[in-house]
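Please work through the exercises below with the sequence and the model at hand. Each task is followed by a stepwise solution.

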Amino acid sequence: MPQVDLCFSPELLALYHLPGKVVVVVDILRATSSIVTALANGVTHVFPVAELAECRALGEQHGCLTAAERDGRAAAGFDLGNSPFGYLDGVVEVKGRAVAISTTNGTHALRRSLAADAVVVGAFLNLQAVVEFAEAQQKDVLVVCAGWKGQFCLEDTVFGGALAARLAASGFDVTSSDATLAALHLWERAEADLPAYLLQSSHVRRLNSLEANKDFVFCLQLDAYPHTLPLWRTDRL
Ligand code: 3SL
């Protein structure tokens, strides 16, 4: 029976064997939520890159839009920041365009996960799409939490618990890793009122101080985009 495991931070990835597995990269606030929102709203594909210079170069090379964030703020000189509303508010026309994206933690986590058999982007917004992909693959699943600068973060782990709960219902083993058990416990505590539970998290406090709290509420919607599955292919999602 395939297993579900969780890596709490990209800094711990060296402890995991990725070949043969499906990796689900998650950065609820906000990189993976924004990537899902982008692709659900007409963006053709996303180039997730670690460095700002690479993001800028891809913009020039492919004539695509660029989106970048550092320390929670939109980086200067790019078309978009890291708010999902950048793909919804119509200020920048995104439909039919590709976007190169670089963020503090999320795009790094993704680039460090590429040794897996398949790498997908997960968020509460597309939880069911991730569940259905994992069910179809029937391989071990590793949730890679982007965290914050190498440290554990609550909202990515709670997402891992939500995913594990759904995969348990379709026969995945969610009992052989303490990380998964911990994530399931957190999900059980959070599930009834996710925004209220996650108000405690350090990243929510960080976003609130940047007046990005509407992003927080948006990113916690379950299954708003149930058919959007960003899947890594060669150099893009
Ligand atoms: O670190 C990241 O990848 C970002 O998602 C962080 S923020 O939500 O834009 O602050």
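The exercises concern a predicted model and move from the overall fold to the core and the ligand site.

**Exercise 1. Overall fold**

Determine whether the radius of gyration of the protein chain agrees or disagrees with that of a compact globule.

Solution.
1. The protein chain contains nine helices and eight strands.
2. Its C-alpha trace extends over about 45 × 35 × 30 Å along the principal axes.
3. A compact globule of 237 residues would have a radius of gyration near 18 Å; the protein chain has 16 Å, and therefore agrees with that expectation.
4. Of the 237 residues, 52% count as buried.
5. Among contacts with a separation of 6 or more, 78% join residues 24 or more positions apart.

**Exercise 2. The nonpolar core**

Identify the residues with the most contacts inside the largest nonpolar core, and the helix that gives the most to this core.

Solution.
1. The largest nonpolar core comprises 80 residues.
2. Val 24, Val 25, Val 143 and Leu 163 have the most contacts inside it.
3. Helix 5, residues 154–169, gives the most to this core, with seven residues.
4. Leaving aside residues up to four places away in sequence, Val 143 touches Leu 6, Cys 7, Val 24, Val 26, Gly 160 and Leu 163.
5. In soluble globular proteins, nonpolar side chains tend to be buried together.

**Exercise 3. The ligand shell**

State which residues surround the ligand and how many of the shell belong to each class.

Solution.
1. The ligand is surrounded by Asp 27, Leu 29, Arg 30, Ala 31, Glu 69, Gly 72, Asn 82, Thr 103, Thr 104, Asn 105, Gly 106 and Ala 146.
2. By class, this shell holds three nonpolar, six polar and three charged residues.

Conventions
Residues are numbered from 1 along each chain as its sequence is written. This is a predicted model: local features need pLDDT of at least 70, side-chain atom pairs count only at pLDDT 80 or more; totals for chains, interfaces and linings use all residues. Helices (H or I, at least four residues) and strands (E, at least two) are DSSP runs, numbered from the N terminus. The radius of gyration is taken over C-alpha atoms; the globule rule is 2.2 Å times the number of residues to the power 0.38. A residue is buried if 20 or more other C-beta atoms lie within 10 Å of its own, exposed if 12 or fewer, and partly exposed in between; C-beta atoms are placed from the backbone. Two residues are in contact if their C-beta atoms, placed from the backbone, lie within 7 Å. A nonpolar core is a set of buried Ala, Val, Leu, Ile, Met, Phe, Trp, Tyr and Cys residues joined through C-beta atoms within 7 Å. A residue is near a molecule or strand if its C-beta atom, placed from the backbone, lies within 6 Å of it. Ala, Val, Leu, Ile, Met, Phe, Trp, Tyr, Cys and Pro count as nonpolar, Asp, Glu, Lys and Arg as charged, and the others, Gly among them, as polar.
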